[in-house]
There are 2 protein chains.
Amino acid sequence: MNLWQLHIFCRVVECKSFSKAAEAVHLSQPTVSSHIKDLEEHFKCLLIDRLSKEAAPTAAGRLLYGYARRMLALRAEAETALAQHQGKMQGSIVIGGSTIPGGYLLPRAIGKFKLRYPQIRPALIVADTQRIIAGVVEGTIEVGVVGAESRDKRILQEHLIADQLRLIVPVNHPWSGVKAVLLEQLLSEPFIVRERGSGTLKSIQESLGRQGRSIEELNIVAEMGSTEAVRQAIRDGIGVSILSTLAVSEDLESGALKALSIEGLNLTRGLYITRHRQRSLSPLAAAFEEFLKKNLQR
Amino acid sequence: MNLWQLHIFCRVVECKSFSKAAEAVHLSQPTVSSHIKDLEEHFKCLLIDRLSKEAAPTAAGRLLYGYARRMLALRAEAETALAQHQGKMQGSIVIGGSTIPGGYLLPRAIGKFKLRYPQIRPALIVADTQRIIAGVVEGTIEVGVVGAESRDKRILQEHLIADQLRLIVPVNHPWSGVKAVLLEQLLSEPFIVRERGSGTLKSIQESLGRQGRSIEELNIVAEMGSTEAVRQAIRDGIGVSILSTLAVSEDLESGALKALSIEGLNLTRGLYITRHRQRSLSPLAAAFEEFLKKNLQR
DNA sequence: TAAAAATACTCCATAGGTATTTTAT
DNA sequence: ATAAAATACCTATGGAGTATTTTTA
C-alpha cells in the first residue's frame, strides 16, 4: 500500500470506472487494474465491485476511501506547507558581529547558511560591540553576535559559544612547547596590545584586574589597530600577545603559532547571540539564530 | 514522496541518526541516506541537519515530520479498520427464499457472495413466502427474498428486482417465433398449472382477475408440484404454462424453450428483499443485502 | 457484439544492496 | 583514529507499457 495506489484507488471510486480513472491519472487501464488488485491482496478483501454498469466500492472499499482521502489531503497540505516555508526563506537578512565573531566566526557560518538557503542575500556588519548592540536596538541589525553582555532592557541575549583567549607565541619562541606559564613570567615578556577600546583588550584588563594586576605592569612593546596586525607582529617575533584562538585557528593548525594558558588567569569570555527583546524575528533571522545555536552551541 | 520514505524520515528524526534509523527499519545506511536525499530533492530544501553529534530535523523537517506522523497514523488506522471489518465478515448467515428466488436467484448470488467472503457459512432456506416471512419475524432467517409484499408491521421490505412471468412454449410449438399472443388464443391451448398455494399460480390468478378472467377458463391439462416439473412437461410437449423467466433462463438461452407475452396481461411481479424492521442486521447480513441490491437491483 | 476489466508478456526505472570515500570530532 | 554519512556502482524487483482474452449486458 502506498500513496500512489491510494490515489489511483480514489480516482477509481470517483470515476466509477477503471478505464476512466486510468485516463485521469495518465495510466493504462491494466496498470490501474493491477494496482487495485495489489491493494485488494494487501487488505485480503475486495475493495471495488466490478458491476457490469459501473465500478462501485464495497463496504471495505468505502472504509479505505475515507482514510485514503484524508492521507492524500495531508500530503497536499504538507506540500503546500513546505513550499510556503521555502517561500519565507528568501530575501535579505542583516547580521551584526563584533570584531572576533564578525571576523572569524560569522563569515563561515553565513557561508554555510547561504548554502542551505541559496535564495537569501545575507549582509554582515562588523563593528564594535556597542555599535552592534545599537544597531540591534534601532532595528538595522536583526541578529548580532558580540563578546559582551549588555544591560540594555531592550536586548535579549543568549550564550552561544565560549571564546578562548590564550597567550599566543611564535613557533620558534622558548615557550613554544609549553602548556602554561605563570603570570609573573609574562610580565617581563615583550607584549603586543590592541588599541584602547578593543573588546579583547578590555577582557584582558578585566582578567588581570581580578588577579589584582593591571595591563600597565606588562612589558608592552607595540600597540596594534587590528587583530590581524597583532597576529602578524607575533609571527614576526616582535612579541607575544593574548588573542582569541578563533582568530589564529589556521596558524595553530598549521603550527606557525602556539597557544598556551596563563596559570590562574581565566581568559575565557562568552560570545552572545543578541537580538531585540520585543521586535519579532523574520523567519529567516529565526532560522539563522537556530542555525548558529545548532552548529556552534554546546 | 511516499509513505515508506516518510516512515524512514520519521525514524531518522526519532533516532537522531541515519544508521540507527537504518537498523530500525531494516535497511542499510546508504539506502536511508538516499531516501532522505530523495525527500530533500522533492521538497527542494534540507530536512535533516547532519550535525557532528546527531542528526536533527531543520525547521522544514519538523514541519514535514508533523504531517508524516499524521499520515502514518492514518495508514495504521486504515489497516486495523479494514482488518476489523474483515473480522466481522465471517460466521454464518441464514438466508431465506421463496420458491423462485430460492431456487433460481439466491443460489448463484450466495455463491458469488461466498467467493467474496470465503470465511462465511451461508445457509439457504427455501420455503413458501409465508414461511419465509414467519422465519424473518421470529429471527431464524436474517434476510429473505420473496415474491410478495407483506402487510406485517414487523417486516421491512424493499423491491429488489422484477420477476418476469411469461408464457413458455416448447421450441417446436406453433407460437415458437411469436412475440405475443392474445389471452383469447391461450384459452384453448393445453395449459399446465402449479398446485394450489403456489405463489406463481397466485400471481397468474391475480393477473387474470384484473382482466375479469379466471384460471378455470383455461384448458388445464396437468397440475404439477414444482416449477421443475412444469418445465419438463413443457419440454415434453404436454402443454404450455406461465413461468418465471428466471426458472427457465437456461432453456431460453439454449433455445429449448421460448418465452412470449400475453397481450394486455401484466405478469410482472416484484421480488422483495425482506427483513425484520426492528432487529438489527449482522454486518454480514447487511453486506449480503447490499450485495443483492448492487448486483440485481435496477 | 461491444465495452470494460482481466490476463499475459516485456521492459526499464528504481529501491535495495556492498564497497569505499569523505567528513568531522 | 574513529564513527557517521555520502558516494559509487551493481542487481533485481515491480511498475509501467502493449497486445490479447475474458466477461457481461
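How do the residues of the surface near DNA strand C divide into nonpolar, polar and charged? In this predicted model, they split into five nonpolar, eight polar and two charged. Let's put some names to that surface. There are 15 residues around DNA strand C, and the ones that come nearest are Phe18(A), Pro30(A), Ser33(A), Thr31(B) and Ser52(B). Notice the chain letters there: the list takes in residues of chain A and of chain B. If you look for the elements behind the surface, those that give two or more residues are α2 (18-24) and α3 (29-43) of chain A, along with α3 (29-43) of chain B. The biggest giver is α3(B), with four residues.

Now hop over to the other strand. Around DNA strand D there are again 15 residues, and here Thr31(A), Ser52(A), Phe18(B), Pro30(B) and Ser33(B) come nearest. The elements giving two or more residues to this surface are α3 of chain A, plus α2 (18-24) and α3 of chain B. For strand D, α3(A) gives the most, with four residues. As for make-up, the surface near DNA strand D has five nonpolar, eight polar and two charged residues.

So much for the DNA; how do the two protein chains relate to each other? Turn chain A by 180°, with 0.0 Å of shift along the rotation axis, and it superposes on chain B with an RMSD of 0.2 Å. That is how a two-fold axis relates two copies. To find the axis from chain A, go to Met71(A): its C-alpha is the one in that chain nearest the axis, 2.8 Å away. Both copies use the same surface, since 100% of the contact residues of chain A recur in chain B.

The contact itself draws 30 residues from chain A and 30 residues from chain B. On the side of chain A that touches chain B, the elements giving two or more residues are α1 (3-15), α4 (59-88) and α11 (283-296). Of these, α4(A) gives the most, with 15 residues. Sort that side of chain A by residue type and you get 18 nonpolar, four polar and eight charged.

Let's go back to the stretch between α2 and α3 of chain A, where two loop residues are worth a look. His26(A) sits in that loop, and its phi is near 60°, a positive value in a residue other than glycine. Is His26(A) buried or exposed? It counts as exposed, because it has 7 C-beta neighbours inside 10 Å and the cut-off for exposed is 12 or fewer. Leu27(A) belongs to the loop between α2 and α3 as well. With 17 other C-beta atoms within 10 Å, Leu27(A) is partly exposed. Setting aside neighbours within four places in sequence, its contacts are Ala22(A) and Val32(A). For a sense of scale, try going from Leu27(A) to Ala180(A): they are 153 residues apart along the chain, and their C-alpha atoms are separated by 74 Å.

Past α3, in the loop between it and β1 (48-50) of chain A, you meet Lys44(A). Lys44(A) isn't a glycine, yet it has a positive phi of about 55°. It is exposed, with 11 other C-beta atoms within 10 Å.

Last stop: strand β8 of chain A, residues 190-194. Why is this strand described as largely enclosed by the rest of the structure? Because four of its five residues are buried, and a residue counts as buried when 20 or more other C-beta atoms lie within 10 Å of its own. β8(A) pairs in the parallel sense with strand β9 (residues 219-224) of chain A, over five bridges. You can trace the pairing residue by residue: Pro190(A) has Asn219(A) as its bridge partner in β9(A), and Phe191(A) stands opposite Ile220(A) in β9(A). Add helix α8 (residues 199-210) of chain A, and β8(A), α8 and β9(A) make a right-handed β-α-β unit.

Methods:
Residues numbered from 1 in each chain as written. Chains lettered and ligands numbered in written order. Predicted model: local features only at pLDDT ≥ 70, side-chain atom pairs only at ≥ 80, totals over all residues. Near = placed C-beta within 6 Å. Nonpolar A, V, L, I, M, F, W, Y, C, P; charged D, E, K, R; others polar. Least-squares fit on C-alpha atoms with pLDDT ≥ 70 in both. Contact = placed C-beta atoms within 7 Å. Pairing = 2+ DSSP bridges. Right-handed = clockwise from strand over helix to strand, strands pointing away.
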